[in-house]
Amino acid sequence: MRAVVQRVSRASVSVAERVVGEIEGPGLLVLVGVTHEDGPEKARRLAAKLWGLRILHDEKSCSDLGAPLLVVSQFTLYGDARKGRRPSWTAAAPGDVAEPLVDAVVRELRDLGAKVETGEFGADMRVALVNDGPITLVVDV
C-alpha cells in the first residue's frame, strides 16, 4: 500500500458539489493507493503508521493530539509514467480488491481512536486542502 500524506490545517472532499468528508486541522490528508499484493496486514500497518506519524507541530502525531485524518482512495498513486505520455495503471489493484483494503485502513484507524473522514470510493471527487508547512510524505508499507 502507498499513501501520500499531507499535513493540513483543513481539508475536504466533495462529490457532485456535496461535501462528503471534511476535517479542521491540525490533521492529515491521506491519499491511499492499493496494489495487487496488498492485504489486511498491510492495511493494519499503514493505519498504525499514519496514527503515529510525528509530522504535526512540535513533532506530535495524530495519536498525541487526537488530530483528525481525511482518507481518500487514490488508485493513481500506482500510475507509471516512465514511458510515453499516457500513464499505465496496471500496478493499481482493481476496485473490488482496493475498496475493502481502503475501508480496512479507515476501520483500523478508528479502532485506534482516530477521528476519520473519507471520500467516496470510485467517485469523481474534488479535494480541497490548506497544506500546513507544507509537509508532504510518501509512505509505503
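**A sheet and its pocket**

Visitor: How many of the 14 residues of strand 1 are buried?
Guide: In this predicted model, strand 1 spans residues 2-15. A residue counts as buried when its relative accessible area is under 20%. By that cut-off strand 1 is mostly covered, and its buried residues number 11 of 14.

Visitor: In what order do the 5 strands of the open sheet lie?
Guide: Strand 1 pairs with strand 2 in the antiparallel sense, and strand 1 also pairs with strand 5 in the antiparallel sense. Strand 3 and strand 4, by contrast, run parallel. The pairing of the open sheet is thus mixed, and its order is 4-3-2-1-5.

Visitor: Which are the edge strands?
Guide: An edge strand of this sheet pairs on one side only. In the order 4-3-2-1-5, the two ends are taken by strand 4 and strand 5. The edge strands are therefore strand 4 (116-118) and strand 5.

Visitor: Which residue of strand 2 is the bridge partner of Arg-7?
Guide: Strand 1 and strand 2 are antiparallel and are joined by 13 bridges. They form a hairpin with 2 residues between the strands, where Ala-16 takes a positive phi near 55°. Within strand 2, the partner of Arg-7 is Leu-28.

Visitor: Which residue of strand 5 is the bridge partner of Ser-14?
Guide: Strand 1 meets strand 5 over 12 bridges, in the antiparallel sense. Among these pairings, the partner of Ser-14 in strand 5 is Arg-126.

Visitor: Which residue of strand 4 is the bridge partner of Leu-70?
Guide: Strand 3 covers residues 69-73, and 3 bridges join it to strand 4. The partner of Leu-70 in strand 4 is Glu-117.

Visitor: At about what angle does helix 1 run to strand 2?
Guide: Helix 1 comprises residues 40-52 and lies across strand 1, strand 2, strand 3 and strand 5. Its angle to strand 2 is about 110°.

Visitor: Which helix gives the most to the lining of the largest pocket?
Guide: The largest pocket holds about 270 Å³ of space. Of its 19 lining residues, the closest to the centre are Ser-73, Gln-74, Phe-75, Gly-122 and Met-125. Strand 2, strand 3, helix 3 and strand 5 each supply at least two lining residues. The most, 3 residues, come from helix 3.

Visitor: How many residues in the lining of the largest pocket are nonpolar?
Guide: The lining of this pocket includes 1 charged residue and 6 polar residues. The number of nonpolar residues is 12.

Note on methods: Residues are numbered from 1 along each chain as its sequence is written. This is a predicted model: local features need pLDDT of at least 70, side-chain atom pairs count only at pLDDT 80 or more; totals for chains, interfaces and linings use all residues. Side-chain values use heavy atoms; hydrogens and water are left out. On a 1 Å grid over the protein atoms alone, a cavity is a set of points where a 1.4 Å probe fits but cannot get out, and a pocket is an open set with protein on both sides within 12 Å along at least five of seven lines; lining residues have an atom within 4 Å of a point. Grid points are joined across faces, edges and corners, and a volume is the space filled by probe spheres set on the points. Helices (H or I, at least four residues) and strands (E, at least two) are DSSP runs, numbered from the N terminus. Ala, Val, Leu, Ile, Met, Phe, Trp, Tyr, Cys and Pro count as nonpolar, Asp, Glu, Lys and Arg as charged, and the others, Gly among them, as polar. Contact means heavy atoms within 4.5 Å. Axes are lines fitted to C-alpha atoms, for helices over the stretch in contact, and angles run from 0 to 180 degrees between N-to-C directions. Buried means under 20% relative accessible area, exposed over 50%, partly exposed in between (1.4 Å probe, protein chains only).
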